[in-house]
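Student: Could you take me through the ligand site in this one? I'd like a close look at what sits around the ligand.

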Amino acid sequence: MALQRPKGTQDHLPDGSSGSHSKAARSDTRAEAFAHVTETARRILTRGGARLIQTPIFEEADLVRRGVGGSTDIVRKEMFTVHYFGDHGGFILRPEGTAGIVRAYLENGLKQWPSPLKLWTHGPMFRAENVQKGRLRQFHQVDYEVIGVADALIDAEAIALMVEVVQTLGLKGARVKLGSIGDPADRETYNGYLRETFTPHFERLSDDSKDRLERNPMRILDSKSQTDQALIAELGVRPMLDFLGEAAAGHFTQVRGYLDAWGVGYDLDPSIVRGLDYYRRTAWELHHEGVGAKSALGGGGRYDGLSAELGGPEIPAVGWAFGIERLLIALDAEGIELPQQAGPLLFIAALDPEHTGLAAQIALQVRAVASAEFAYRALKPGNVFKEAERRRATYAALIGSEEAASGSVTLKHLQNGTQHHVNVNDLNAFLLEPS
Ligand code: HAM
């Protein structure tokens, strides 16, 4: 049996107790770093009125296909299907969170709640992609969705919140690339223009793009093939933004107006293409040098048509998600370290086997006010301090026969070396004093 995790997945490991990290425990796989990101997102998004929602990590295949869109790489090449004995073969590990959240919104009647309803979630997503740096098969997103309001103010607020989350984590170099992909009719006009433009040069397109020309010509613009990109430049292909109808153009101007007024920076991206079919109007990506030009740190947009696509009424909505692994790569590139889990305030050990139960009892008492660990067997005095240091404890305490007889402990502050005899009854109060 190979002791190896599946390709494109990561273990999220606890912070090293010895203080030095093994190669496997690099920052991109620190469980505490993930928790810090989701905690920060929770704080900021909750202040903005968002409520936490969690949906299953697998959904009906049809929901994912209809939600994400049949012409996307995700649906065509990257779906993990789920089978169990006697099933109808129709489940998929979610490649993203939005379709499941809109399904939950419709199914649970959340439409009755005050509008707009702001929801956020975090968790694993699955895409069977070619694995490389920042491109995993199980990755994690923080995701924010606002359902029920079509106003441009909501788009601008969503973008501002996304930027605030990553900036609060310390990231400086993230840039929003903002564009609009128009209303469906605008997109049809644009796709017609793209077909006209590319068809005479069909033979020069990559195989993937030949395929895209019929199904979704806009995806050609997003092609990773250099010959496609050279052809696009040579033909001077006009951007989507030139084809916005009056309504979508007006909406986009409003979004930009709010962001400008609030001082939220962005770069205009006139030809933004997103990898999911449900977007309308506002679309954006968050980019960072550390992640590379081809991959985004996050992305989002308006998706007013998704609810109806899934069989519900027309409900306007907008949202975004960023990848936690990619965010950690970007933070790493800027030299920003997220906090590690602190060691216990107290590590306590007995010097004789007959007192190990007493050491444990004192640790249990201290846990009423602080974190405390104890040794499960008796230790030599020197080893008490060594073990305490390995656990990055603040204090080491030991119990010999004298301490046991007098109901006290010998306490050493490991950083400044000061020692105290403290009565067990006074220990909790003592530990809470600033050292
Ligand atoms: P997305 O652009 O497909 O959008 O993914 C958002 C983010 O998830 C990406 O920018 C990236 O950071 C991360 N991500 C995607 N694929 C991978 C991968 N294979 N490995 C590592 N990270 C990855 C969505 O998923 C939309 N649901 C966002 C949204 C919410 N739009 C509206 N509401």
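Tutor: Here is the ligand site, followed by a little on the protein around it. Keep in mind that this is a predicted model, where local features need pLDDT of at least 70, side-chain atom pairs count only at pLDDT 80 or more, and totals for chains, interfaces and linings use all residues. Residues are numbered from 1 along each chain as its sequence is written, and side-chain values use heavy atoms, with hydrogens and water left out.

There are 26 residues around the ligand, and Glu96, Glu129, Glu145, Tyr279 and Leu297 come nearest; to be near, a residue needs a heavy atom within 4 Å. By class, that shell has 10 nonpolar, 8 polar and 8 charged residues, with Tyr counted as nonpolar, Gly as polar, and Asp, Glu, Lys and Arg as charged. Strands S6 (138–147), S10 (298–302) and S11 (317–323) each give the shell at least two residues; strands here are DSSP E runs of at least two residues.

Now the atom pairs. The side chain of Tyr279 puts an N or O atom 2.6 Å from a ligand nitrogen. Arg274 also uses its side chain, with an N or O atom 2.9 Å from a ligand oxygen. Leu297 works through its backbone instead, where an N or O atom lies 2.8 Å from an oxygen of the ligand. On its own the ligand has 660 Å² of accessible area, and the protein covers 96% of that (Shrake-Rupley method, 1.4 Å probe).

As for the protein around the site, 51% of its 435 residues count as buried, meaning under 20% relative accessible area (1.4 Å probe, protein chains only).

Methods. A polar contact is a pair of N or O atoms within 3.5 Å; within protein, one must be able to donate a hydrogen and the other to accept it, and residues adjacent in sequence count only if both atoms are side-chain atoms. Helices (H or I, at least four residues) and strands (E, at least two) are DSSP runs, numbered from the N terminus. Buried means under 20% relative accessible area, exposed over 50%, partly exposed in between (1.4 Å probe, protein chains only).
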